[in-house]
Amino acid sequence: MSKSKVVICEHPLIQHKLTFIRNQETNTKDFRELVDEVATLMAYEITRDLPLDTISVRTPVAETEAKVISGRMVGLVPILRAGLGMVEGILKLIPSAKVGHIGLARDHETLLPREYYINLPTDAHERLLIVIDPMLATGGSAIAAISSLKQRSCEQIKLMCLIAAPEGVRAVQEAHPDVDIYIAALDERLNEKGYIIPGLGDAGDRMFGTN
């Protein structure tokens with residue numbers, strides 16, 4: 001079975017802002033704003049292959065044919081809580097997108113993600129769903145979130161993360177080879193505690209000012 005594609009969004013503006021997101025000296029306000037801005041920029045890449053229709057419009061000068069998105073509905077599904085910080089940035093570009101939420105917590109006995117909350121648009125199964133999480137470390141949360149969506153008959157799914165470890169990318173590709181992965185950077189590795197190296201620390205803590 002072929003693996004999904006991995007798209008690294010290497011636009012200079014994304015890479016520039018990502019540097020400041022990584023910097024431990026960046027305060028909570030600036031961190032949040034930078035994540036929001038990068039999410040908007042990444043949304044351009046993740047929506048690149050949306051189909052287009054041709055319609056007729058009249059400009060102030062003449063009648064002409066022009067392109068519009070072909071009715072394909074988009075849904076955003078952030079993984080709580082850190083994924084919330086990327087939603088508004090994408091909505092700036094796709095204001096008609098509906099938003100669902102998935103909450104996952106690590107089970108202390110199995111060490112696997114356990115779903116404690118899910119709320120999706122009623123027509124989620126008809127939409128292109130973008131699962132959002134700033135960090136793709138081991139891949140456990142992303143795999144669980146995507147599996148949960150598939151169990152609810154959602155088949156059009158993409159994954160958007162700021163940074164990823166190779167281990168997490170491989171895990172998602174093996175579990176869900178039909179889900180393309182969009183990231184701003186592919187980092188070196190995971191350390192013995194499962195943190196991405198060099199990474200950016202705990203995205204949720206830095207975004208919301210918690211420890």
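**View 1. Salt bridge within helix α2, between E33 and K29**. In this predicted model, the side chains of E33 and K29 form a salt bridge at 3.0 Å, N to O (a side-chain nitrogen of Lys or Arg within 4 Å of a carboxyl oxygen of Asp or Glu). Both residues belong to helix α2 and are 4 residues apart, about one turn of the helix (helices are DSSP runs of H or I with at least four residues, strands runs of E with at least two, numbered from the N terminus). E33 counts as partly exposed because its relative accessibility is 37% (buried is under 20% relative accessible area, exposed over 50%, partly exposed in between, with a 1.4 Å probe and protein chains only).

**View 2. Salt bridge between D36 and K92**. The closest N and O atoms are 2.4 Å apart. D36 lies in helix α2 and K92 in helix α3 (residues 84-93), 56 residues apart. D36 is buried at 13% relative accessibility, whereas K92 is exposed at 57%.

**View 3. Salt bridge between R22 and D187**. The N to O distance is 2.7 Å. R22 is in helix α1 and D187 in the loop between β11 and β12 (189-190), so the pair ties together parts 165 residues apart in sequence. R22 is partly exposed at 25% relative accessibility; D187 is buried at 8%.

**View 4. Salt-bridge network of K98, D123 and R127**. The structure holds 12 salt bridges.

**Notes.** Residues are numbered from 1 along each chain as its sequence is written. Local features need pLDDT of at least 70 and side-chain atom pairs pLDDT 80 or more, while totals for chains, interfaces and linings use all residues; side-chain values use heavy atoms, leaving out hydrogens and water.
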